[in-house]
Structure formats: C-alpha cells, structure tokens
Amino acid sequence: MLEKVYRPKDVDKKWSSIWREAGVFTADSGSDAVPYTIILPPPNITGKLTIGHALGSTVQDLLIRWKRMRGFNALWLPGTDHAGIATQKVVERSLEERSTSKEELGREGFIEECFRWKERYHRSIVDQLEALGASLDWTREAFTLDAGVSLAVRDVFVRLYEKGLIYRSRYIVNWCPQCMTAISDEEVVFKDRKGKLYYIAYPFADGGGEIVVGTTRPETMLGDVAVAVSPEDERASELEERMLELPLTGRRIPIILDDAVDPAFGTGCLKVTPAHDATDFEIGRRHGLEPFIVIGRDGLMNEAAGDYAGLGIEDARTRILEELEKRQLIRKIEDYDHSIGHHDRCDSVTEPAVSRQWFLRMKELAAPGIDVARKGEVVFCPERWKNIYLSWMENIRDWCISRQLWWGHRIPVWYCTECDELMVSVDTPDSCGKCGESSMRQEEDVLDTWFSSWLWTFSPMGWPEKRHDIEVFHPTDVLVTGGDIIFFWVARMIMASLEFMEEIPFSTVYITGIVRDTQGRKMSKSLGNSPDMVDVIERTGADAFRFSLMMLSPPGQDLFFDEQKVEVGRHFANKIWNAARFVLSQEPGCGGEMDAEEQEPIGELFSALFGETYSGNRQFGWEDRWIASRLWSRFLEYEQALESFRFDEASRIIYDFFWHEYCDWYLELSKPAFRSGGSRGEGAAMTARAVLGVSLVMLHPIMPFITEEIWSMLSDDQPILAGFVFEGMQEHLENSELEEDVTLFKEIVAAVRNIRQTFRLEQTQKIEVVVNCKPGIGLAGKLEDFRGQICNLAGIGRLEIGEESARPEGSAAAGLAELELYVPLKGIIDIESEKSRLSKGIDKLSGDLKKIEARLGDDRFILKAPADVIEREKERFAEMSERMRRMKKILEDLE
C-alpha cells in the first residue's frame, strides 16, 4: 500500500536507483522494433545545468519515454561537450587561485588539468540529469574529446581539406582580447550603445585645403591607409589620387574611389583602416592596400601607434581627441547610437583583427541544407524558425574554424621542421613528403568547439567506422534545442550529416522558448536570477517541477518561470497520490477465465494492462462505460498533442481528465458501488484500476517517479512502468452517445449545485427538484437512467422528471439546452428576506459602478493614472457588472 503522505524525495531516489540497475533505458541495436532516436545536446562541462537545460531535457525525456512505452526501440544518447573557450577560461582562473598558470604547467600539463576538471563536473552533470529523471542510455555516453570522436573530427578535417573547402588565409576576423583567440561571426553578440561621431579634418598633403571624415573610433585613424569616396560623389574626379596628410602620424595616404562608400553618410568620405574594420579590409584588398596594425592582440595600442603605444583603447581615444583638439582638427561631434560586438562567452568587446587563420568554405555545404528545409525533409517547430534558418544559410559566410587555445581538438596539420612543408593527415606523418625529414611540428591552434559538435548525430555512434548503431539509429528523429544555437549547431549539423552521411541528421527540429524570470529577463548566472535546478527539485520533487515546465511551455513562446508556479505540479502530484491510495483500497476481484468474445471491453483493458483476467460475475454500470469512453477519447487527444509537440496541451489534457473527470466525477459516482460491494462494486473497482493504469501510462513521460511508484503497487506482472509497452486503447471502448448523455447529467448536477450555493443551502439539506424536459425527444426517459446519481451528487430528496411540468411557485430556475429545472424554495428560505437582501446588494453595486464609470470617463484620471491602475478599474467594473446581472436574475426568479 502507498504511504499516507507522498514524499517525492524518497520516491525519486528509489526509482533512479532501480531504473539504473535494471538497465531499462539501454536501447537494443539488434531489436526488430522501429527505432526512435534523440541526441542530448551535450551540456558544457563548466558547471551546473540551468532551468533552460531542465526545460529541454524534460521535453526530450517526455518524447523518448512515450515512444519507448509505445513499442519503439528508443535511444536517447547522452554526451558532454569540452566547451573549448569556456572550459579553458574557468580552468585558467582555477590555476590563478592556486598561484600558478597554464604557461607554468605547459600544454600537456594544462590539458591534463582540464581533463581533471571534466571528470569532476561530469559527475555533477550526470547527477543533475538523473535527479530530473532523464532516461538516457548511459552505456553509450560520449564526450567531444573521446578518442572515437577525435578520430571523426580529424577525418572530417582531412576530407574537407582535400576537397578544397578548408584553407588557411590571412584575413580579418573577430578577435577577443580577453580570451586571446579568434572567434566566428556567430559568437559575436551586438549590443546597442550610445556613442559619438567625430568629424576630423585630414589636410591635403599639398597644403590646398582639407577633407573631413566622420568616425566613431578615432583611435583607429593611426592605422588608416587611405580615404575613400564614392565614384558617384560629385567631388570624385577632383579628389581621386590626391594625397592627404594623416594627422598625428606624419604619413601620407591616398584618396581612392570605391562603391562601398555611402555618399549620404557623414561627409561622404570614409577613412580606410583595413587592419581594424571588416568593410575596410575588403576595400583594402580591392585596392592593394596593406593593413597597418595599431591595436595588438591584447587590446592595447602597439608600437606602430607611436606615442600612444601601451594605452588601452578608451585611454588612447581620449588622448588622440585631446591632441586633435589642440591642433584644431575636430570640426564637430555628434551623438551617435551604434552597435558594438561582444564575445558571447566572456562579454568582452571584440576587435576586428587581421590574422592568419583556418577557414571552411560554407556555400557548397549549405546548398543541400537549404534544399532539405525547402522540401520539408527537415521540419522546424515552430515553423517560423524555418525562415530564420534559410535566411542565414542563404547568406552564409566562410567559417573561421581555428582557435588560439590549448584545450580542444588540435588541428591535424603538420609542418616539416626542415623545409616547412605543410601536411594534412588523420595521423602524424612519418616523414615529410617533400624532403623526407622525419621531424615534424603540429599546428598549435585547435578547432572551434562546434567543429566536433556539428558531427554529433553520427560521431558518437562510431563513425567513420560503419558500426551497427549507425545503421539502426541514424538518422535521428527529433532535435530539441534552443533558438540561440540554430546557427552554431543546428544548421551545421544538417550540413555535416548531408555531406558525410548523405542523409539528414534528424527529421524535426523542436525549438524551445527562452526561460525568463517574472520581470521578463532571460535567466542567467550573471544576473543571479536563475535558481539552481537541483534545489528546486529538492524542494518540490522532480515530477512537480517537470509537469509545471511542460504546462507552462506553449510551442514557440518563452517560459516565465517562478518557483511558485511549480505549486500547480505539486498539488497535482498530491492529487494523483491520494486518488491512487483510494483506488488501491478497492478490490477488483480478479481471477477466473472467460472466452475473449464474452469479455467486457473494460476487462480487456484491465487484462492488457496488468496481465490478469477477471471472472464473469463483474457488473459494469454506465459510470464505468462513460469513464472508459472518455479515457479512449482523451488518450487519442493526448497522443496527438505529443505528436504535434504540444506539450502544454498534452499536460492540460491529462490534468483535466485525471483531476476533473476521473477524480471529481467518476470516483465520486463510484463510491456507492464501492460501498455496496458485490459484483457491482468489483466492476467499479476494476474500472477504477484500469483507468488509473492508463492514466499512469499517459502521465509517466511527464511525471515518471510518482507514476512508477503507484504502478508498482498496481501491477505485479509488470513491475517497471518505464519498460512497459502499451499497445493502445481499444476502439470499442468509445461510446459517444453515452458521453453526450453524461454531459447533460453533469450539467443538471452542476445547475442544482449552483442554486444551492446561490441561496446558501446546506449540502446536507435534501431538496426537491423538478426537471421539465422538451417534449417528443425521449429525453425524460433517458434521464431516468441517471436518476439515482443525480439525487446522490446533488443532494436531492425528491426528483420529478417529466415533460411540460409546471414551475412551482417561489422556485429558482436554471435553463439548459433541452430542459429547465426548478428548485422550490418555499419553506426552505425566507423569500421576502432574500429579496430584500438582493435588492440592497443591487443598489450598492449600482452606486459603486457609477463611481467607477465616472472615474473611467474622467480624462484627467486616464491621463495621470498608471496603466495597471486603469486596467484594474476596468476589470472591477466588468466583474461587478456581471455580479449585478446575476443578482438581478435571481431576484427576478424569486419575484
């Protein structure tokens, strides 16, 4: 028997251990069942999982558990990401706290330190996922620096190099002075900033006047190599090839013509600084102008900056502006709003910098990825993400894949120490192919973290070897991820799989919303507004947390998380527990055999769930057949919601069915049968258990722990619900006509209860009710089947059901679609006193409404009052108006 009080901490811990030992989450590559695969987006090994991780992981677990229970060979493949820059930085900080550094350890020592960090935090990540209830196949776990994955990374690099898609070039890249590495365009986040536009005079070298350029970065003028104007500029012919004196430097630079210049911006003259601006770099290439670097990789002005060497950018800007002012070369300064790039990892301002890096040409790889999205072979949910994906893919740029780090996949390129010949190879070459020298040095840079992640649907399965797992489980089915990495990861995985597997990596991409706090801010560690996932689970239980996440997450919408909202899930878990305790106390009387043709559909369902037969003397009432029919309908709705990725809707379907239809109605309706015992009582008990069983099956993907505990008490032959395969609902359980009849029955009961509440009649007080049915449709006869339960649930002492029945004097009335019901009140309440009470209440409400109406009609109030105050007044007016309408209707009935 279940404990009297539900203690989620004890239940969660118990079943995590049992699942692990039973191996129920291990997929079988030799199974004949249809495979269903999801890969876990590998969390970084740099710390704790967030509420956002919990949201995505719960969605994945829900899908994988449901497919497993529906007979699929379900694999949820776990893994973790080495997270190059992020991990290197936290390990470097850790070393600093111990008064040492990566340089002191050396490259190999530092990598060993990173692996120790990985082992420490890997266990934490596994524990967090298990606390959440994630049904991952840990026997197949992978890490992005595992030997097999590393082989796949090197193999891909070599293939792409030999295909001419990987190249090395001196090019302008995004440089992070804080992390001291190049980063890709996708790793730069632009933030709006208020700045200044400085108009600076550049004198002609021959002394004949000046031109004025506008710039937001006067410190980079030290690296100017030209000033450009548009060929369409009316001054173009007279300015072309004239020379300028570059202020503060003594250097002379030419005026050039280029179409990239916008004649309408600023003065129409653009300073060209190829070393420190991407647009200028392209202009410089077109005109054969060498970059002149004045900002070093550390973000400080370098020796080429002359007197300003060693200064930070802001200090250099201040000093340069002071000197320009002294020389009377500043013509004007304007306020100017612009966007500044920041590294998404460390939030430092990035610098455009010319550097020799490795790049991957993307356009050829992108073309098939565009094609599969347009054809619908890869579907995005919500669909709007398809256009975002296509827009990026159609405008894709080459990917800078090299990073100036130690932690990561070292680029598989070697240089001969004798002749400097470059060799690209999966393994270390034995000798130089050009001169025969055996001494080699490997490329110092590592690959971008995403270069291993983009292979993630197939590299953990053993590729490039043709292992059985790849044949069975690839392509995967669904990728669940956040929209913030659609370019970093989703798009690149599609390209990689099409290139190397010649098939799509997954058929559906489900994009979760962003988790925000109640103020609308994205939850983050830096803001301190993200609660610890494990702490929330400790306080509320994993099931309550998971259910609340799903119910609060409509597709494509952000989740506004507040731990108080988890109360919905906590109350629901307690309701499930208490209902199960009640049902388990009723005996279904199993045993005996019956021919299949004679079996009652509810009995068939019971046998399918629990592997038990039932004897033929069970009696089933309309209440049992109704809840079985409702279960059939709800099951189909629930499964359709899951297939459509409407997890919020699925949660509401099972919540409404279990709480309202099963508990509030069916179990209440069945209590007389339970009390009476006998064959009718056993039939009700069997139905209650069967419906509870299917409810647990439906609830399990969302709330795995509590459902597993209850199931273990409900079924002896099927000990673990997580491994149970449910064949589905029998169609002959459906009874739509009975459902319609019971809907009317419920409306009658609800109407009588409302009248009781309106006139404050005690629940124990038996009342008389007259039901006047529309004649000629047989409704009165149909309602006779429900007479006993109407009286039972509505507290009715005498019930008259007929056609053309007269309304008793002094009665309250309620009108339904094809009937009216009357409750005589004479002798039950003091009608005159009630009429007086209602009249006074109506008068008071009328006065209050006039005051609110006057306030809302006052222009001064509307102009001065806060919006939320005005909205509250409107809501009060609407609520009070409705209350007065109801009171007038009741008074009208009494009169």
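Reader: I am new to this structure and would like to begin with one strand residue: which residue in S6 does Trp-175 stand opposite?

Author: Trp-175 stands opposite Ala-182 in S6. Please keep in mind that this is a predicted model, and that every value we discuss is computed from it. The two strands involved, S5 and S6, run antiparallel and are joined by three bridges. They form a hairpin with four residues between the strands, and in this hairpin Met-180 takes a positive phi near 55 degrees.

Reader: How many strands form the open sheet to which S5 and S6 belong, and in what order do they come?

Author: There are four strands in the order S6-S5-S14-S16, and their pairing is antiparallel. Strand S6 (181-183) and strand S16 (399-400) have a single partner strand each, so they stand at the edges, with one side of each lacking a neighbour in the sheet.

Reader: How many bridges join S5 to S14, and how many are there between S14 and S16?

Author: S5 and S14, which run antiparallel, are joined by ten bridges, whereas strand S14 (residues 351-360) pairs with S16 over two bridges, also in the antiparallel sense. Leu-360 is a useful residue to find on the model, since it is the bridge partner in S14 of Ile-166 and also stands opposite Trp-399 in S16.

Reader: Why is S5 described as largely enclosed by the rest of the structure?

Author: The description rests on a count of buried residues: eight of the eleven residues of S5 are buried, and therefore the strand is largely enclosed.

Reader: I would next like to understand aromatic rings; how is a pair of them described?

Author: A pair of aromatic rings is described by two things, the distance of the centres and the angle of the planes. A search of the whole structure finds 46 aromatic pairs. One of them is formed by Tyr-171 and Phe-281, with 5.0 Å centre to centre and 70 degrees between the planes, which is edge-to-face. This pair links distant parts of the chain, with Tyr-171 in strand S5 (residues 166-176) and Phe-281 in helix H7 (residues 278-287), 110 residues apart. Phe-281 has a relative accessible area of 6% and is buried.

Reader: Why does the pair of Tyr-655 and Trp-659 count as tilted?

Author: Their ring centres are 5.5 Å apart and their planes stand at 35 degrees, so the pair is tilted; planes would have to be under 30 degrees apart to count as stacked, or over 60 to count as edge-to-face.

Reader: And where do these two residues lie relative to one another?

Author: An α-helix has 3.6 residues a turn, so residues three or four places apart point the same way. Tyr-655 and Trp-659 are four residues apart in helix H19 (residues 647-676), and thus about one helical turn separates them. Tyr-655 is buried, with a relative accessible area of 17%.

Reader: Which residues form one aromatic cluster?

Author: The cluster is formed by Phe-157, Tyr-161, Trp-358, Trp-399, Phe-451, Trp-454, Phe-458, Trp-463 and Phe-500. Trp-399 is the residue we have already met opposite Leu-360.

Reader: Over which rings do the charged ends of Arg-65 and Lys-102 sit?

Author: The charged end of Arg-65 sits over the ring of Trp-19, 4.5 Å from its centre, while that of Lys-102 sits over the ring of Trp-406, 5.5 Å from its centre.

Reader: Turning to helix H2, how does its length agree with what its residues should span?

Author: Helix H2 (residues 51-69) has 19 residues, which at 1.5 Å a residue should span 27 Å, and this agrees with its end C-alpha atoms, which are 27 Å apart. Since 17 of those 19 residues are buried, H2 is largely enclosed by the rest of the structure. The N-terminal end of H2 is capped by Thr-50, which has a side-chain oxygen 3.2 Å from the backbone nitrogen of Gly-52. Just after the helix, Gly-71 takes a positive phi of about 95 degrees.

Reader: Finally, is Thr-144 buried or exposed?

Author: Thr-144 has 0% relative accessibility, so it counts as buried. This residue lies in the loop between strand S4 (142-143) and helix H5 (147-162), and its side chain is joined to that of His-82 by a polar contact of 2.6 Å. Leu-527 also lies in a loop, between strand S24 (515-516) and helix H14 (533-540), but Leu-527 is partly exposed, with a relative accessible area of 45%.

Definitions and conventions. Residues are numbered from 1 along each chain as its sequence is written. This is a predicted model: local features need pLDDT of at least 70, side-chain atom pairs count only at pLDDT 80 or more; totals for chains, interfaces and linings use all residues. Side-chain values use heavy atoms; hydrogens and water are left out. Rings of Phe, Tyr and Trp (its six-membered ring) pair if their centres lie within 6.5 Å; planes under 30 degrees apart count as stacked, over 60 as edge-to-face and the rest as tilted. Buried means under 20% relative accessible area, exposed over 50%, partly exposed in between (1.4 Å probe, protein chains only). A charge sits over a ring if NZ of Lys or CZ of Arg is within 6 Å of the ring centre and within 35 degrees of the ring normal. The expected span of a helix is 1.5 Å times one less than its number of residues. A polar contact is a pair of N or O atoms within 3.5 Å; within protein, one must be able to donate a hydrogen and the other to accept it, and residues adjacent in sequence count only if both atoms are side-chain atoms. Two strands pair if DSSP finds at least two bridges between them.
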